[in-house]
Amino acid sequence: MNVHAAALAKTHRFDEQTTAFAGDVIDDLSQHPKRLSPKYFYDATGSELFEQITLLPEYYPTRTELGILRDRASEVAAIIPEGAALVEFGAGATTKVRLLLEQCAFGAYVPVDISGDFLKAQADALRKDFPALSVYPVAADFTAPFALPDAVKAMPKVGFFPGSTLGNFEPHEACAFLRSAREILGEGARMVIGVDLEKDERILYDAYNDAAGVTARFNLNVMVRINRELGGNFDTNAFMHRAIYNRDRHRIEMHLISKKAQTVRVLGRSFSFRAGETIHTESSYKYSLERFTALARGSGWTALESWTDPAGMFSVHALVASD
């Protein structure tokens, strides 16, 4: 963490998570070009906006992945040990995990997410609908090492990472995450993971620049969060959302673009923007089946199965920890 940011955060008596948020924001806005981590999209408002995005007609990943999980549920269940603990990295809405819970005989469910309030609400809803299932939510940054609850340590482990979130990582970060997940889950673990595939660029552009402007509000909300939690003074009307496809790097990039020359203050630090200067808030890498399985293999996992929809828009992979 930036030392000055840490001192300011201590002065403001922030809790541990907000102190980390403060340090990352100060560090990221000090970079050239400026950036912000996409993990901070998901406060309560951001999580709700993302759920709205998943229902948009332009946004194909969620409904396509759900279709694969429904159509292939029995095949997914066949690779999952009975009585295993299902560990969901970055748990959000429970729509997808319910498909696995209905089909497989899990001994426990461990949702892991940085947004503690949202996580608790989702866990409570699952307990009502699956009263025989033990649910152990863990409020943590799933991209960093964390401890599993003692109650599940002796169970076989299955990781669940749906929604193409892996694409938000740079390739070396994706490799680091997969290695970390393997370490957390342990020997012989399984992993079920969603991966978005390369496709026509117009489909990609429309998915991240929806006509209703929900993705724009989702992107701008990170500034609202900085203002609320870190005393920032971002004027969201002075920035606009833009998503572009970077063909050379196989990724969608989301940016917040300054409409004018301006200065923003966060925790006593000033950050100047030129007109047209951007903050890079998210990348979403798109993979071929071959590139993803190679990435998994280099990260300590062996591919067991890969499933796609008929149009080849999205993929779901079952992996096993390599010996």
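## Buried residues, two cores and a helix pair

Y60 counts as buried, because its relative accessibility is 2% (buried means under 20% relative accessible area, exposed over 50%, and partly exposed in between, using a 1.4 Å probe and protein chains only). Before going on, a word on the model: it is predicted, so local features need pLDDT of at least 70 and side-chain atom pairs count only at pLDDT 80 or more, while totals for chains, interfaces and linings use all residues. Residues are numbered from 1 along each chain as its sequence is written, and side-chain values use heavy atoms, with hydrogens and water left out.

**Around Y60**

Y60 sits in the loop between helix 3 and helix 4 (helices are DSSP runs of H or I with at least four residues, strands are runs of E with at least two, and both are numbered from the N terminus). What does Y60 touch beyond its neighbours within four places in sequence? The list is D196, K199, I203, L204, A207, K286 and M313 (contact means heavy atoms within 4.5 Å). D196 is a long way off along the chain: it is 136 residues from Y60 in sequence, yet the two C-alpha atoms are 9.8 Å apart in space. Their side chains also make a polar contact, which appears in the table further down.

**R251 and H280**

R251 is in strand 9, residues 251-258, and counts as buried because its relative accessibility is 6%. Setting aside the neighbours within four places in sequence, R251 contacts E170, I244, Y245, N246, H280, S283, S284 and Y285.

H280, one of those partners, belongs to strand 12, residues 278-285. With 19% relative accessibility, H280 counts as buried too. Beyond its neighbours within four places, H280 meets K34, R35, L36, R251, E253, M254 and H255. Its C-alpha is separated by 4.5 Å from that of H255, which is 25 residues away along the chain.

Here are polar contacts of Y60, R251 and H280 (a polar contact is a pair of N or O atoms within 3.5 Å; within protein, one must be able to donate a hydrogen and the other to accept it, and residues adjacent in sequence count only if both atoms are side-chain atoms).

| Residue | Partner | Distance |
|---|---|---|
| Y60 side chain | D196 side chain | 2.5 Å |
| R251 side chain | E170 side chain | 3.1 Å |
| H280 side chain | S283 side chain | 2.9 Å |
| H280 side chain | E282 backbone oxygen | 3.1 Å |

**The nonpolar cores**

The largest nonpolar core holds 38 residues, and F234, F239, V266 and I279 have the most contacts inside it (such a core is a set of buried Ala, Val, Leu, Ile, Met, Phe, Trp, Tyr and Cys residues joined through side-chain atoms within 4.5 Å). Among the elements that each supply at least two of its residues are helix 2 (16-29), helix 3 (44-53), strand 8 (239-246) and strand 9. The largest share, 7 residues, comes from helix 10. V266, leaving out neighbours within four places, contacts V25, I26, L29, I226, L230, G232, F234 and F271. Apart from this core lies another, of 34 residues, including F142, F169, F177 and Y285.

**A helix pair**

How do helix 4 and helix 6 sit relative to each other? Helix 4 (residues 61-71) and helix 6 (residues 95-103) have axes that come within 10 Å and cross at roughly 0° (axes are lines fitted to C-alpha atoms, for helices over the stretch in contact, and angles run from 0 to 180 degrees between N-to-C directions). The two are therefore roughly parallel (that label covers angles under 35 degrees; over 145 is roughly antiparallel, 65 to 115 roughly perpendicular, and the rest oblique). From helix 4, T62, E65, L66, L69 and R70 meet T95, K96 and L99 of helix 6.

**Backbone oddities and R182**

The peptide bond from H32 to P33 is cis, with omega near 0°, and P33 is in the loop between helix 2 and strand 1 (34-35). S164 is not a glycine but has a positive phi, near 65°; S164 is in the loop between strand 6 (157-161) and helix 8 and is buried, with a relative accessible area of 6%. H250, also not a glycine, has a positive phi of about 55°. H250 lies in the loop between strand 8 and strand 9 and is partly exposed, at 28% relative accessible area.

Finally, R182 is in helix 8 (residues 171-185) and is buried at 15% relative accessible area. Outside its neighbours within four places, R182 contacts E187, S299, G300, W301, A321, S322 and D323.
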